[in-house]
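Reader: I would like a close look at one part of this model, with its surroundings filled in. Please keep it brisk, and give me the cut-offs behind each term.

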Amino acid sequence: MASVGEVSRPIGVARSRRSFLRRTLGRQEFWRGCVAIMVFLALWEIGSRSGEWFGYTLPYVGLLPPPSDVAVAWSKVLMKWGYWESWYQSFKRVLTGFIVAQIIGIPFGLMLAINKYFRDIFFPPFEALRPIPPLAWVPASLIFWPTNEMSIAFVTFLGAFFTIVINVLGGARTVDVRYLRAAQSMGANNWHLFWRIVLPGILPSIFTGAAVGMGITWEVVVAAEMISSGGTQGGGGLGFFIWNSYMGGSIPQIVVGMISIGIAGYLSSTVIRMIGHRAMPWRNLF
Amino acid sequence: MPRQVNNIDQPGSVAGLAAGNALQASVEIRDVCKSYGEEWERQDVIKDLTLDILPGKLTVVVGPSGCGKSTLVNLIAGFERPDRGAILLNGRRVTGPSRDRMVVFQETALIPWQTTYQNVVFGPKLRGDLKGKALRQRAHELLTKVGLQDFIHKYPLQLSGGMQRRAELARALINQPQIMIMDEPFRGLDAMSRGLMQEFFLRLFEENRRTNLYVTSEIDEAIFLADRLVVLSNRPAQLRAVIDIDLPRPRHYQVLSSPEAFEYKREAMEILHQEAMRSFRPSATGRLPGRR
């Protein structure tokens, strides 16, 4: 179905019933992506198996385990409960930090944008705290928060929070004053202006902030897990999984952990994109 | 030659004329001043402007670019307040935006996250003064009138420039304003659709002669549309001339090649040219003429 035809469907009529899987498999983009990954894996395999070309060790690839070794290592951990526990732990921490950051960050950013006094009071400290990298907070939060778990969640929260607030604030400033004026002429009160004009106007910025913030939370959670050793056995998360593999000297398993984080991050941002797609139908017209 | 420069200095004289017809409001602009900026660099944008917008007339305001035309629009619409003086709608002071003065903005101000239909019913829905079937019917009527009946569920970004302007006209009209204020509404359209839109707009106006204030910087457009042509000075905006354009209605595009139209154009150009030249000279404070 043509994309324009899809958008012009009357409001409230459900979109095409074809399943997500069939739509994906039918798309050229999907197959192009598959081919790209295959080629990449093939080059990696050849590169690490041969080790050196023309007498020179290949940078990175020459010392890496080939993908086939990684696959073998992966197939071993797939059966282990600890590996999936790591996924669960990391996801839990990312989601906790991320959701709390959204819940606090969006209203905070809106208040900064709307209210001058609020901005005068809270913007300077906010700007002073913002340049501090989330990881610099790790030692302090380990001391401050009673449990390891809470300090990791707090650091991931910080990772997303600043990005979200800055995006909301910036988005609110780009809302076209003419929309507000047109709505005012038509009798809109402040309530209408907020829900009908300001909020939809900053929705794109909210989703940009969410996508970027989600990336940062994954970076942060992994590092925080490594530093804090993630607590007890099995509860370490994917960051600790990598660290553990490094300590144990299993290089293929390090790569397994890295790829796992890559997949986890990709899944997270895909979910955000899909929600954004649904929430802002006027943005995907072309 | 039908030519006459009005004496505009007759306060209060037009208020009564509007009483009979809800579409035909009068606006009186009385000694209005407006300036922007902090004290030490205050710039007058409008200075002692007195002007009547007559009921049932299409008043076109022209002036050099950056002369304060848009500020005048904002004042009449109630988006901003004058520093001094008053703006009266049917004799009552304007204190804020209201549905009785609808503005069609430069470029387009359709709300991008609403479909054409949602944009059109936005005002009545907010106020709740027109509901259900009656609202749907009225919206469809208006959308058909502007030729968008097949595009009601499209988003503004999916419409062409001309369609966006027509949707915006429909959105304004459904609120039954007493005066329509158009701020360079067809700017940014290509010459072809611009001409078509002007003619379309004239048909709409001639149908019920709703009081209309039309701001433009294009002299041909001004003469083609206007009953009264108001020429503003360079910034700060002051009244330079009011020219009654006495061309026959309904008008068609050919009217612009008539000798009368040419004479109006020559006259207006003369004044505008002087003003435009002045705007290129450095101002008293040594600054370049500011933004719009």
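Author: What follows sets the ground rules, then goes through one sheet and what lies around it.

This is a predicted model: local features need pLDDT of at least 70, side-chain atom pairs count only at pLDDT 80 or more, and totals for chains, interfaces and linings use all residues. Residues are numbered from 1 along each chain as its sequence is written, while chains are lettered from A and ligands numbered from 1 in the order in which they are written.

The part is an open sheet in chain B. Six strands build this sheet, in the order β6-β7-β8-β3-β9-β10. Its pairing is mixed. Strands here are DSSP runs of E, at least two residues long; helices are runs of H or I, at least four long; both are numbered from the N terminus. Two strands count as paired if DSSP finds at least two bridges between them. β6 and β10 (239-244) of chain B stand at the edges with a single partner strand each, so one side of each has no neighbour in the sheet. From one strand to the next, the twist averages 15°. Angles run from 0 to 180 degrees between N-to-C directions, with axes fitted to C-alpha atoms, for helices over the stretch in contact.

Start at the β6 edge. Strand β6 of chain B spans residues 101-104. Its one side carries B:Arg101 and B:Val103, its other side B:Met102 and B:Val104. These residues are all buried, and both faces of the strand are covered. Buried means 20 or more other C-beta atoms within 10 Å of the residue's own; 12 or fewer means exposed, and in between is partly exposed, with C-beta atoms placed from the backbone. The partner is β7 (residues 179-183) of chain B, parallel to β6(B) over four bridges. One residue pair is B:Val104 with its bridge partner B:Met182 in β7(B).

Now the β3 and β9 pair. β3 (residues 58-62) and β9 (residues 228-232) of chain B run parallel, joined by four bridges. B:Val61 stands opposite B:Val230 in β9(B).

A helix packs on this sheet. α1(B) touches β3, β6, β7, β8 (211-216) and β9 of chain B. Its direction makes about 155° with that of β7(B). Touching rests on contact: two C-beta atoms, placed from the backbone, within 7 Å. The same helix, residues 69-77, also lies across β1 (27-36), β2 and β4 of chain B, at about 120° to β1(B).

Those strands lead to a second open sheet. It has four strands, in the order β2-β1-β4-β5 (chain B), paired antiparallel. Its edge strands are β2 (43-53) and β5 (92-93) of chain B, each pairing on one side only. β4 (residues 84-89) of chain B meets β5(B) through two bridges, in the antiparallel sense. There, B:Leu88 stands opposite B:Arg93.

Next comes the core. The largest nonpolar core has 126 residues. Such a core is a set of buried Ala, Val, Leu, Ile, Met, Phe, Trp, Tyr and Cys residues joined through C-beta atoms within 7 Å. Among the members that touch the most others are B:Val60, B:Ile76, B:Ala170 and B:Ile181. Leaving aside neighbours within four places in sequence, B:Ala170 contacts B:Val120, B:Leu142, B:Leu143, B:Val146 and B:Leu148.

The β6 edge also matters for chain A. In α9(A), A:Tyr179, A:Arg181, A:Ala182, A:Ala183, A:Gln184 and A:Ser185 are buried. Their cover includes α10 of chain A, together with α1 and β6 of chain B. Just after α9(A), A:Gly187 takes a positive phi of about 100°. The contact between the chains takes 17 residues from chain A and 23 from chain B. On the chain A side, α9 (177-185) and α10 (190-228) each supply at least two residues. α9(A) gives the most, six residues.

Last, the chain as a whole. Chain B comes to seven helices and ten strands. Of its 292 residues, 43% are buried. Among its contacts with a separation of 6 or more, 71% join residues 24 or more positions apart.
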